[in-house]
Amino acid sequence: MLAKALLKSRPIELFALALLLAVGLLCIYSPTHLPRWGANHAPQIMLTYFGLGIVFFMMNKPRFTFTSFACCAMLCLFLKQSTHGQQLRYAVPTDQPELKIAHFNANNFDVDLDNMLELFRDMDLDLLSIQGLDPMLEMVLQEELSKEYPHQYSVPSLSYYGMAVLSKHAFTAKQFNYGEMPNIFGELHVQGFGKAYFVSTHTVPALTSTDYMRNQEHLEIVSHQCNALDAPLIALGDYHLVPWSPEIRTFRTNTALNDSRIGFAPSFIDGKVNFLDVPQDHIFYSDHFKCTSFSILSTSESPHMGIVGTFEFLQEGESLTDASLYHQ
């Protein structure tokens with residue numbers, strides 16, 4: 001009743017309508033000097049607008065109903081175009097050579113070390129990216145996983161930014177830095193196909209406008225490495241940026257890479273959705289691949305352990321726009 005009484009005031013009504021519209025626009029146009037909490041949670045805000053639209057419709061408030069549904073539609077279109085574009089589902093697997101690739105941040109693990117190693121063994125990956133690697137974990141990985149992943153390249157660190165790449169395929173790798181933060185760039189030799197390249201990147205957690213600018217500069221350096229190639233490429237890591245952020249959109253535009261995550265994919269804990277989770281780790285791939293699966297790995301102890309995707313090499317003459325790739 002109080003809400004209805006307040007909304008009868010014309011100035012309050014205009015202010016509330018302007019506020020609804022402003023929140024939606026700030027999710028799309030995110031100034032670097034303002035906090036990004038709202039923009040980072042754009043899918044949740046979109047659904048909130050939908051719920052508000054229903055509530056205002058039941059309250060017989062047509063202006064608020066229209067504004068809420070319009071903001072919901074605006075965010076829906078923005079998220080669709082900013083993430084997967086025209087791709088609505090994963091490609092159908094075939095008998096083409098494929099790569100199963102996973103990315104984990106060891107700092108996200110709340111399970112014991114034995115369980116983590118068992119997980120890595122059971123997944124039977126072609127390429128495993130691990131970040132948050134300290135010297136002790138490096139030694140354990142080399143001793144315990146040398147049979148499953150005989151090819152390893154590590155950049156351990158006592159800080160947050162150590163990393164490693166493990167593979168069942170032979171590869172050569174080099175390190176390049178942005179400040180104190182290492183990146184691993186490698187050439188993977190895949191039997192039955194040839195060469196594929198990867199770059200593993202770990203940016204700073206983005207909390208301030210300075211962090212966002214540093215991450216943008218970091219991704220520009222990674223873009224130069226990616227653009228030097230015209231070959232199959234996978235870019236992965238903890239970017240600490242959501243797929244619809246200006247920095248990720250610019251990175252994908254500059255590199256022409258595709259996002260393996262379709263739509264909003266929150267974590268699942270014991271079968272329940274962690275609704276406030278936002279995707280900040282990514283696996284991007286070039287047009288030489290098609291993505292046939294992507295999933296987030298979670299447990300009750302670790303709400304977001306990592307991500308894993310499967311990528312098939314496209315046959316000669318195929319492209320990601322071929323409708324036949326997605327037929328069931």
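Visitor: Which hand does the crossing have where α6 passes α7, left or right?
Guide: You are looking at a predicted model: local features need pLDDT of at least 70 and side-chain atom pairs count only at pLDDT 80 or more, while totals for chains, interfaces and linings use all residues. Residues are numbered from 1 along each chain as its sequence is written, and side-chain values use heavy atoms, without hydrogens and water. A crossing is left-handed if the near helix is turned anticlockwise from the far one by less than a right angle, and right-handed if clockwise. The crossing of α6 with α7 is right-handed.

Visitor: Which residues of α7 make that contact?
Guide: Contact here means heavy atoms within 4.5 Å. From α6 come L113, M116, L117 and R121. Facing them on α7 are L137, V140, L141 and E144.

Visitor: How far apart are the axes of the two helices, α6 and α7?
Guide: Both are DSSP runs numbered from the N terminus (helices H or I, at least four residues; strands E, at least two); α6 covers residues 113-123 and α7 residues 135-144. They pack at an angle of about 45 degrees (0 to 180 between N-to-C directions of lines fitted to C-alpha atoms, for helices over the stretch in contact). Their axes are separated by 12 Å.

Visitor: Which strands stand at the edges of the open sheet β3-β4-β2-β1-β14-β13?
Guide: This sheet has six strands and mixed pairing (at least two DSSP bridges between two strands). Each edge strand has a single partner, so one of its sides is left without a neighbour in the sheet. The edges are β3 (151-155) and β13 (289-297).

Visitor: Which residue of β14 stands opposite F289?
Guide: Strands β13 and β14 (residues 306-313) pair in the antiparallel sense over eight bridges. Opposite F289, in β14, is F313.

Visitor: What angle does α6 make with β1 when it packs on this sheet?
Guide: Helix α6 touches β1 (98-105), β2 (127-131), β13 and β14. Its direction and that of β1 make an angle of about 165 degrees.

Visitor: And what angle does α7 make with β3?
Guide: Helix α7 packs on the sheet as well, touching β2, β3 and β4 (163-167). Against the direction of β3, that of α7 makes about 175 degrees.

Visitor: In the sheet β5-β6-β7-β8-β12-β9, which residue stands opposite N258?
Guide: That open sheet also has mixed pairing. Its strands β9 and β12 (residues 281-285) pair antiparallel over two bridges. In β12, the residue opposite N258 is Y285.

Visitor: At what angle does α9 run to β12?
Guide: Helix α9 (residues 246-255) lies across β8, β9 and β12. To β12 it runs at about 15 degrees.
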